[in-house]
Structures are given as structure tokens and as C-alpha cells.
Amino acid sequence: MYLKSIVVNGFKSFAEKVSIDLSNKVNVVVGPNGSGKSNVVDAISWVLGTQSPGALRTNKMEDVIFAGTEKLTEKGFAEVYLNFVVDPEKFNGSEEISIGRKLYRDGASEYFMNGLNCRLLDIQEFLSDLGIGKQQHTIISQGQIAEILNSKPEDHRITIEEAAGILPFKLKKDKALRRIESGDKEIKRAKDVLREINKQLKPLKLQAEQAQTHEMLTASLLENKTNLNLLKYSIFSEKEKNISNELINISEKLENIIKSSQNAKDLKNNLISELGQGVSVGSLFKDYSNKLTTKSEQIKSIAQIATERLDNLDRETLREEKRLTDLQNRVLSNTLTINDLSNKLITKKDTLTDLNKNLEELNKQINENNKNQSASLEVNEAILEKDLDYLKSIVGKLENSLSVNEENFSKWENDKNTTEEVLGDYSLQISKKIFLKQSFTKVRKTVKTIVDRELDASKINLENLKAEYQINLDILNSKINQQNSISNNSSYKEELKNQEVILRSKLNSLEGDVTSRSNQLVSAAEQIKFLTNENSELQLTIDEIHYAPNIDYKEELQTIISKSSLLIETLNSSALSMFSQANVYEEKHGNKNTEISELEKKIEAYSKSYLLINDKKSDLSIKKAEYLSEKSHHYSTLVNMYGLEPTNFELFDQSSFNQNELENQILSIETSLDDIGVVNYLAKTDYEQLNSRHKEITSSIDDLTSSKKELLVHIKEIEDEIEFRIDSSFNSISVHFGEIFEQLFPGGKGSLELTNRDNLLETGIEINVQPKGKKVKKLSLLSGGERSLAAIAFLFAIFKSFPSPFYILDEVEAALDDANLHRMINLLNYVKDDAQFIIVTHQQQTMHAGDVLYGVTMEPGSGSRIFIKTKSEFENLIANETNKNE
């Protein structure tokens, strides 16, 4: 495997296309200075992937394109192709592979493999398979020899690392370290966020639990109320059904009584027809007396029904009025609570504003304290005088405000006591008047709420003023102490430091208070929003009641009752008069028709029985109407308020519930809800979102920590691999260096030494040499030629440890004398069978060592050209020239 040929076109000094066929042995490139022989090396380096213009001895990459001469125009592109002879077994049967690079003046660049476009990565992978590698250790110039001579021990280690292919491992390690550093930053940021979340999570959790409890109690209350209404609906339905069955039986009895009475009347009429004029006038009077009594009873039944309906209407009115009153009281209570919360919200906002002002004042004081610590005594004394005057004026104003507020607070306390006494006196008087008692209770509650609210607001304002007064008074006393201690510079500075500690402590406390007040503001706003929504819903319920008593219907019932009473009295009086007349006729004429009398008694008995049963029917009808009314009420509540479908009524199991237990449970739940008060239902959602974020961040921190551990393990594996490679590479190169040095310096000793064997990752490598007859061991103590030869030995030791298909030596022997040059040529003859060599030189001895000579020339105004001679042709040419001269 070797480099077969080089094709150059438009690259640097090569204006025309030039093809250079190489042998697989030693190829020597010669030529005068400026002819372009080093451009051959640059061309090879350029195709191998060099991206740095400096490495190609140019300022920018476009400078590698032929720039033109007096005779030749500039080229628009530069291209170079390298043709390799390879092992067919390793490259899918291909015996030759060509790689190339082309650059245009606009900066566009192309890479080729076997004439097809490809990527730079493809070429680098191909070169890696050949054993050339990205760092191009195959090309050694005179500058690299100087670098080795001037390098530190750590640089020698880096040279071996590059040759041993350790750089990719270091890049992996650096990438892993950067990922760890980035992960640590992410963990730190995540922990900061987690710390803030934890501050919010605990109060939100309490609010969420309270809201969940409230929600569960509300759901339980709704369920119990629904079951209670279903139970009552079922009870009244069952009662209504039983009364309906009983009414059916009573109607059947009444029909039987009517039939029996009619039969008796028909029999009596027949007897009367048979008697003719002998009919009893007394019986006629009795008959009409019975009819009037029957009518009286019928009208009495009507009056009773009207009375029951009027009572039922009154009860319904009272029930609806009570429900309406309860709803209105609830709205009023919510409104008072909203007003109270609004006032407290305003007070808390004012308090928060004052706290923020105090916070700003403390920051100013801290800044002033810092300025005072850095200022001189005279400046501090002047500042203190000014601050004392200002603070005294502020304290004076606060004392006046405090006095005024204390007076206002005392007035409000007196007003409260006076109001309670007056309301107590009126309460005793109004308690005797039932119809005013309920209204006065509302007024009393409203007045007490307003007075308490104003008293609380005045108290809070007074406490805030006292706190502000105390803060300013403490600052004033502190300033006075500073003024007293300013004569002693050290004690004054110490006082300032102590004051700064106190101020920062107050600042932290005040910041916590500001955070607490802000949370209270949010909670109060949520409560106001909840109560406002509840009032809207209650107002809709009030509007849906639409209770308006039917005055006309009530008056009509009262009229029926009064007129019925008069008519009953009239009918009873008439019936009694007729009955008296019948008795008179009976006494006068005697009982001429006993049978008719008996029939009349039966008819009378039937009439009384009919009236009694009919009264019972009326009572049952009234109860049925009441049950229907209650049933309809519960039906409407279940359907309209609780949204229950009528089909679900039949699924209710009445036997599983007890009315008293349900009512007790409802009362207990309502008490619990009142104890809980207003809750923030949004807290549950906020807590779930915040808790979810908390879990996500915690999981992310765990993942990052786990990734960090894995990366640390990976870094340890990389470091172990690097140490192994450094150790094995060092041992191999050290052995070859000793052999090659002994060959270049017969009788001498050369070795490589680790400066820190315990830390192979950062150790340096010392090149120790001792030519025969000299005591020096350091490379820096040798002559220039000896140092160059020792550096060459070091490079050739690397070549022997990590062989490449070819090596390029660009004037590396320039600093060697004839003796040392002869030794280097012997070394070249020793290793030339292991690889292909391309040598750029001026030395004649080196030319003799080559198998093929490539002469590079450049005529004025033209480009570089190549002339090829084999070793035998060159020797014959030398011999002919010698003969001619003789």
C-alpha cells in the first residue's frame, strides 16, 4: 500500500496540469530555492484535509490558486489528486483509489473519491483506514523538528498522544466534562426553582385540602338533600295513593247510600200516590225540612273546603316567604362579608404599600450605611447631622399622627359602647312588637358590623403608625449613637458594620412580611370572587321563586266563607221552622201514615249518613290536595334545583333512609361548611399543577444526577483507556528510540523518561540523550546538529511504533553536517523497506539515497515543472559530466 501518483493543476506555482508518478521506495524531490518543490508537500497536505491556511504558508485558503505571471494568466481553481495502490481485500476488490480536492476563487470547495463527489469525512475515514490519520504525522518539516527541540516535556506527551490516536478519547472526555458542567448548572437552576416551588407548595396544599374537604362536604350535602327530598316525595306519593284508594271506597259507599235513599223516596212517593188527598202535610213539612238541612250541610262542606284552601294558601305563603327570607339573609350576609373583605383588602393594600415603602427605606439605609463605611469621618459627621434633622422632623410628624389616630380610636370605642347601649334599650322595647323584631335584628347586625369594621380599620392603622414610629425612633437613636461614637474611628466603623447586620436582618424580615401580605391579598381577592359568584346564583334563585300572593283569590275564598255562614244560618232556621210546623200538623191530625213516617226516618238516616261520609270525603280531598302540593314542591326541587331526571325517582329505595338521620346529617354538614368558611377552589388546580411541576423538576434532577454518575463512570473508563494507551505507546516508542538513537549515535544512549509516572494523564516526557564520550543527558545541552538528529530519532521511533503507508520529509536534514547526514541516510536505508518515503532536500548525499529523483524547475514568467530521473540514470549523467570535465 503506497502513494502511486500525484496530479496537480493550478495549485500554487503549478500553473499547468502536472502528473508525478512515484515509486514505492525512496523518492527524492530536488530543486533550487523558489522552484516550488515544497509546494508538492503542501499539495499532498492540502488533499489530506488541511484546513489552516497557515499550515500551507498562505494568508487565506484562496491563495493556493495559481495567481498568474507576466506570461500566464491566473487560474480560476486549484485541484490536486492523490492515487493510492491499496489492498483489494480491504477495499472491496479495488486495487487503486483516488482522492482529490478542488477549490474555486469564490471559496467553493469540493472533495472527490474515484472521480465522484464526496464529503471531507469520507476522505478522513479512508485515510484512517490507511493508517494516516487526521493529524498527518506522515509529513515532517524542518519547522516540526524545531518545535520538538523547543518543546516542553508535556508537549512531547501530546505528540505521542496524537500519534497513538488518543485525541478522540480526550475529545470524548472533554465533551463528557462539558455535559457534566452543563448538568450541574441545570441542577443548580432546578434546585433554585424547586426552592421557590416549595415555598408556595405548602400553603397551596393546605388551601387545596380545605377546598377538597369543602367540595366533598358540598357534594355530601347535595346528596343528602336529594335523598331527603326523594324520601319526602316518596312518603307523600304513598300517602296520596292511600288517600286516593280511600276516596274511591268512600265514593262507592256514597253511591250505595244515594241508591238506598232513592229507593226509599220512590216507595214513599208510591204510598203518597195511593193515599191521594190523605197525604200528611206534616210529612211534607218534614221532607222540606230535611232538604233544607241537606243543603245546609252541603254549603257547610263548601265553606270547610274554602277554609282549608285558605289555610293551605297561608301556609304556602309563609313557607315561600321563609325561603325567600333565608335566601335574602344569605345574600345580605355574603354582601356584608364582601364589604368587610373589601375593606380589609384596601387596608392590606395600604399596609403592603407601607411595607414596600419601609423596604425601600431600609434599602436606602443599607446603601447609606455602605457609603458611610467607605466615607471619611468628616463626611460621615455631616451626613449624620443632616440625617438627624430629617429623622427628628419625621418622628415629630409621626407623633402628631399617632396622637390623632389614638384619639380617633378612642372615639370609635366610645361610639361602639354608646351604640351597643342604645341598641340594647331599643331591643327591649321592640321585643314586645313581634312584627318589628326581625327587621330590627338585621339593622342591629348591620350597624354592629359597620362599627366593628371601622374600629378594626382604625386599630390596624394605629398599629401600623406605632410600628413606623418605633422604626424611625430606633433609627434616630442609632444615628445619635453613631454621632456619639464618631470620634472613635474604629468603634464608629464597627458600629456601622453592626448596624448593617441589623438592617439586613430587618430587611429579610420585612421581605417575608411583604410576601405574606401578598399571599393574603390573593386569598382575599379569591374569597370576594367566590362570594360574588355565590350571590349571583342566589339572586337567580330568588328571581326564579316569583312569589306573589294571589290577593283576589284569597278575598274570594273569604267571601265564600262569610256568605256560606249566613246561608247556613238561614237554611238551618228555615229547616227548624218547617220541622216545628210538621210537629204541629202531626199533633193535630195524628199519625195517619206510620209507614210513610218510617220511610222518612230511613231517608233522614240515609241523609245523615251521606253527610257524615261526604264530610269525611271532603277532609280526605283536602289532605290529598295538601299531599299533592308537598309532592309537587319536592318534585320541582328535585328536577329544577338538583337536576334529577323523573325516571330516577322510581329507583329510589325508601327503606334505606331515615328522615331524622338525613336531617341531622344535613345540619351537621352545614355547620361544618360554616366553620370552614370561604375557600379557594382554584387552589386545588394550582396545587396539582405546581406539584406536577415539582415532581417533573425532581425527576429531572434525579435524571441529571444519574447521568452525571454515568458520565463520571464513562470518564473513568476513558481515562483508564488513555492511561493504557499512553503507557503502552510510551514503552513502545521508548524501546524504538533507544535502538534508533544508538544507530544514529554509535556508543551513545538515548531514552525517554516520564516526569510523573503516578499521573499518566498529565505527565511530561523528557528526552534523555548521551552521545558517546559526553556526560550531558539533556537535549538542550547538545549541539544544533546533534539536537536535530536526536529529534529525528524521536520522530522515527514514533514512525516505527505507529507505521504509515508513506512518510514525507521536507528538508529535515538541513542542519546536519556530513557525518550526521551520513548517519541519517543509514537510518533511512534501515527503514525504507517498511514504508514509502518522499524526501524534499538540497543535500547531495540524500539524493544518492533516493531510488527516483524529481527535479523541480521554474523558468521566469512560467510555472513549476517536474523532471524525473531514476537513480541509475542520475548516476550515468554524473559520470558523463565527470568524463567531459576530464
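# A walk through the model, starting at a buried tryptophan

Let us begin with W46, which is buried, at a relative accessible area of 0%. Keep in mind along the way that this is a predicted model. The ring of W46 has a partner: F11 and W46 make a tilted aromatic pair, with 5.3 Å from centre to centre and 40° between the planes. F11 is likewise counted as buried, because its relative accessibility is 0%. Since F11 belongs to the loop between β1 (2-9) and β2 (18-21) while W46 belongs to helix α1, the pair ties together parts that are 35 residues apart in sequence.

What surrounds W46 along its own helix? Helix α1 spans residues 37-47, and 11 of its 11 residues are buried, so the helix is largely enclosed by the rest of the structure. Its buried residues include K37, D42 and S45, as well as V40, V41, I44 and V47. Right after α1 comes G49, with a positive phi near 115°.

Part of what lies against this helix is easy to find on screen. α1 lies across β3, β8, β11, β12 and β13 (852-858), and it runs at about 140° to β11. Those strands belong to an open sheet of six strands, ordered β8-β11-β12-β3-β13-β14, with mixed pairing. Which strands stand at the edges? They are β8 (139-141) and β14 (864-870), each with a single partner strand, so one side of each is left without a neighbour in the sheet. On average, and ignoring direction, neighbouring strands in this sheet are turned by 15° against each other.

Within the sheet, look at strand β3 (residues 26-30) beside strand β12 (residues 836-840): they pair in the parallel sense over four bridges. For a residue to click on, try V29, whose bridge partner in β12 is V840.

Now back to the aromatic rings. The model has 15 aromatic pairs in total, and the one between F11 and W46 is tilted. Because F11 sits in a loop and W46 in helix α1, that pair joins parts 35 residues apart in sequence. Another pair reaches much further along the chain. The rings of F84 and F806 have centres 6.1 Å apart and planes at 35°, so this pair is tilted. F84 comes from strand β4 (residues 77-85) and F806 from strand β11 (residues 806-810), so the pair ties together parts that are 722 residues apart in sequence. Both F84 and F806 are buried, and together with F91 and F126 they form one aromatic cluster.

Another ring worth a look is that of F77, where charges come into play. The charged end of K102 sits over the F77 ring, 4.5 Å from its centre. The charged end of K75 also sits over the ring of F77, at 5.6 Å from the centre.

From here we can move to the helices further along. R157 has its place in helix α4 (residues 153-163). Is R157 buried or exposed? It counts as buried, because its relative accessibility is 7%, and the cut-off for that label is under 20%. Leaving aside residues up to four places away in sequence, R157 touches K170, L760, L761, E762, T763 and I765.

Helix α5 (residues 167-275) holds N224. N224 is buried, with a relative accessible area of 8%. Again leaving aside residues up to four places away in sequence, N224 touches L662, Q665, I666 and I669. An α-helix has 3.6 residues a turn, so residues three or four places apart point the same way.

One more stop is S597, in helix α11 (residues 594-641). S597 is buried, at a relative accessible area of 14%. S597 and K268 are 329 residues apart in sequence, yet their C-alpha atoms are 9.0 Å apart in space.

Finally, step back to see the whole protein. The protein has 17 helices and 14 strands, and buried residues make up 37% of its 886 residues. Among contacts with a separation of 6 or more, 75% join residues 24 or more positions apart. The protein exposes about 50,600 Å², and carbon and sulfur atoms supply 50% of that area.

Technical notes
Residues numbered from 1 in each chain as written. Predicted model: local features only at pLDDT ≥ 70, side-chain atom pairs only at ≥ 80, totals over all residues. Heavy atoms only, no water. Helix = DSSP H or I, 4+ residues; strand = E, 2+ residues; numbered from the N terminus. Buried < 20%, exposed > 50% of the residue type's maximum accessible area, 1.4 Å probe, protein only. Contact = heavy atoms within 4.5 Å. Phe/Tyr/Trp six-rings, centres within 6.5 Å; stacked < 30°, edge-to-face > 60°. Lys NZ or Arg CZ within 6 Å of the ring centre and 35° of its normal. Pairing = 2+ DSSP bridges. Axes fitted to C-alpha atoms, helices over the stretch in contact; angles between N-to-C directions. Areas by Shrake-Rupley, 256 points an atom, 1.4 Å probe, with all protein chains shown as cover.
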